[in-house]
Amino acid sequence: MNLEDILAVMLVMAALFAYINHRLIKWPPAIGIMILSLGFSMLLVFLRGFNITWLNRIGTMAADIDFRSLLMNFLLSFLLFAGAVHVDGQKLKKERLPVTVLALFGTVISAILVGVLTWLLFSWASYPVPLIYCLIFGTVISPTDPVAVLSILREARIPVSLELKIAGESLFNDGVGVVLFVTMTEAARSGTFSWGNFSLLFLQEAVGGMAYGALLGYLGFVLLRSVNDYKVEVLLTLALVAGGYGLASHLHISGPLAMVVAGLITGNKSRREGLSEASWDYLGKFWELIDEILNAILFLLVGFEMLVLKIEPVVLLIGLAGIVIMLLSRWVSVAVPVALLRRKVRFERHAVSILTWGGLKGGLSIALALSLSTGMYREVFVVMTYIIVVFSILVQGLSIGPLTRRLLKRH
């Protein structure tokens, strides 16, 4: 099988999962497709032990795919723009303080905690991994996925302000997490680390990325306002993402943060001032579809990748223990900012519990793990990420709705 065959299989499977979910399971589309894709990838892992010829061919092909280029230079830009373009900026502005603190400081706290605790866990298991790579794993697993959880929480009818806090934090901690990931991997590649260089690189990536994203967002709005044809409008947004993200890498600024800001500005300005209701309906549904398709492809990709990974029993056990580390780190990274902000910001009852359990890990973590180079303990961290994401979506994703309803009914 060649690459075109694998892509064809993934698109057919994504369509099949969407159909099965719509006709039989009837979960929210985003989480339904993700769960079915995860289930298929787990089936591939199970069948790997039977030495099936066509599976071996897929595994050989997967081993030749440049995941870093495919994910970091292509899929990630579309995923982040698609997540941002639907967020209501006017409402989000009212929650800017808690969103900023949770996304920035919360993500940093979580990445450090996950990294240090994972490093200690590896040491305890007599499976030494340098601290720098464990910290990189912390940046991989700290960002949350807003797509699946928001569709569930809307059905739970949570307060709008809490929904905005979750959406905004998830959206921006994706960008912050990727900036941390890129900064840490650059430090690991150079072989030297200093807080001064780290801070300068982080500021360059983050501030430069947001400023550039604002420029792209306004450019997109101006172009969309000047036409009234949904086909042209869709093409303009595709060009904005593909071209804008490609240029960001040459400018040495954060393309992911740029896509988040560009999506927010383009989506909100165009929805309110630039597009007709019909045009926005087409554009919004197009990017919603792109989001679901790419998430499905990501989970199928990791299934193919698992066909060629050497999975050691000790890594499986560490991955299971990583679930506890992830939840503990998430709780601390939420509880500390909430405690600091309570005097200035009103938080709903049980906000910490809902934010902790609702911090699902998804496509972004998979993408970052797959993009690691071999020398960064890629196989180990892909397996650990896979285990944590499976738990997050299957357990947290399916229980967050009932948990939220139960907590909010209490007085």
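Trainee: Which residue forms a salt bridge with D229?
Mentor: This is a predicted model. D229 counts as partly exposed, at 30% relative accessibility. The closest N and O atoms of its salt bridge are 3.4 Å apart, and the cut-off is 4 Å. The partner of D229 is K231.

Trainee: How many salt bridges does the count come to?
Mentor: A pair counts when a side-chain nitrogen of Lys or Arg lies within 4 Å of a carboxyl oxygen of Asp or Glu. D229 with K231 is one of them. By this rule the count comes to eight.

Trainee: Which residue meets the side chain of E95 in a salt bridge?
Mentor: Start with where E95 lies: the loop between α5 (89-94) and α6. E95 touches S161, L164 and K165, leaving aside residues up to four places away in sequence. A salt bridge at 3.1 Å, N to O, links E95 to K165.

Trainee: How many residues apart in sequence are the parts that E95 and K165 tie together?
Mentor: The salt bridge joins the side chains of E95 and K165. E95 is in the loop between α5 and α6, whereas K165 is in helix α9 (residues 160-190), so the pair ties together parts of the chain. Their separation in sequence is 70 residues.

Trainee: Is K165 buried or exposed?
Mentor: Buried means under 20% relative accessible area. K165 has 1% relative accessibility, so the verdict follows from that cut-off. Its partner E95, at 11%, is also placed in that class. K165 counts as buried.

Trainee: Where do E273 and K269 both lie?
Mentor: E273 and K269 form a salt bridge, with the closest N and O atoms 3.3 Å apart. E273 is partly exposed at 48% relative accessibility. K269 is partly exposed at 24%. The two are four residues apart, about one turn of the helix, and both lie in helix α12.

Trainee: Which residues do salt bridges that share partners join into one network?
Mentor: E273 and K269 sit in helix α12. The network involves other residues, E95 and K165 among them. Shared partners join E95, K165, R346 and E348.

Trainee: Which helix gives the most to the nonpolar patch?
Mentor: The surface patch is formed by I112, V116, W119, L120 and L131, with about 390 Å² of accessible area together. I112 has its place in helix α6, and at 43% relative accessibility it counts as partly exposed. Four residues of the patch come from one helix, α6 (residues 96-124).

Trainee: What is phi of S126?
Mentor: S126 is in the loop between α6 and α7 (131-141). It counts as exposed, at 64% relative accessibility. Most residues other than glycine have a negative phi. S126 is not a glycine, yet its phi is positive, about 55°.

Trainee: Which loop holds H252?
Mentor: H252 also has a positive phi, near 60°, in a residue other than glycine. At 52% relative accessibility, H252 counts as exposed. H252 is found between α11 (230-251) and α12 (255-274).

Trainee: What is the radius of gyration of the chain?
Mentor: The chain has 17 helices and zero strands. Of its 411 residues, 55% count as buried. With 411 residues, a compact globule would have a radius near 22 Å. The chain agrees with that, at 20 Å.

Terms used. Residues are numbered from 1 along each chain as its sequence is written. This is a predicted model: local features need pLDDT of at least 70, side-chain atom pairs count only at pLDDT 80 or more; totals for chains, interfaces and linings use all residues. Side-chain values use heavy atoms; hydrogens and water are left out. Patches are made of residues with over 30% relative accessible area and no salt bridge: like charges are joined within 9 Å, nonpolar side chains (Val, Leu, Ile, Met, Phe, Trp, Tyr) within 5 Å. Accessible areas come from the Shrake-Rupley method with a 1.4 Å probe; for residues, only the protein chains shown count as cover. Buried means under 20% relative accessible area, exposed over 50%, partly exposed in between (1.4 Å probe, protein chains only). The radius of gyration is taken over C-alpha atoms; the globule rule is 2.2 Å times the number of residues to the power 0.38. Contact means heavy atoms within 4.5 Å.
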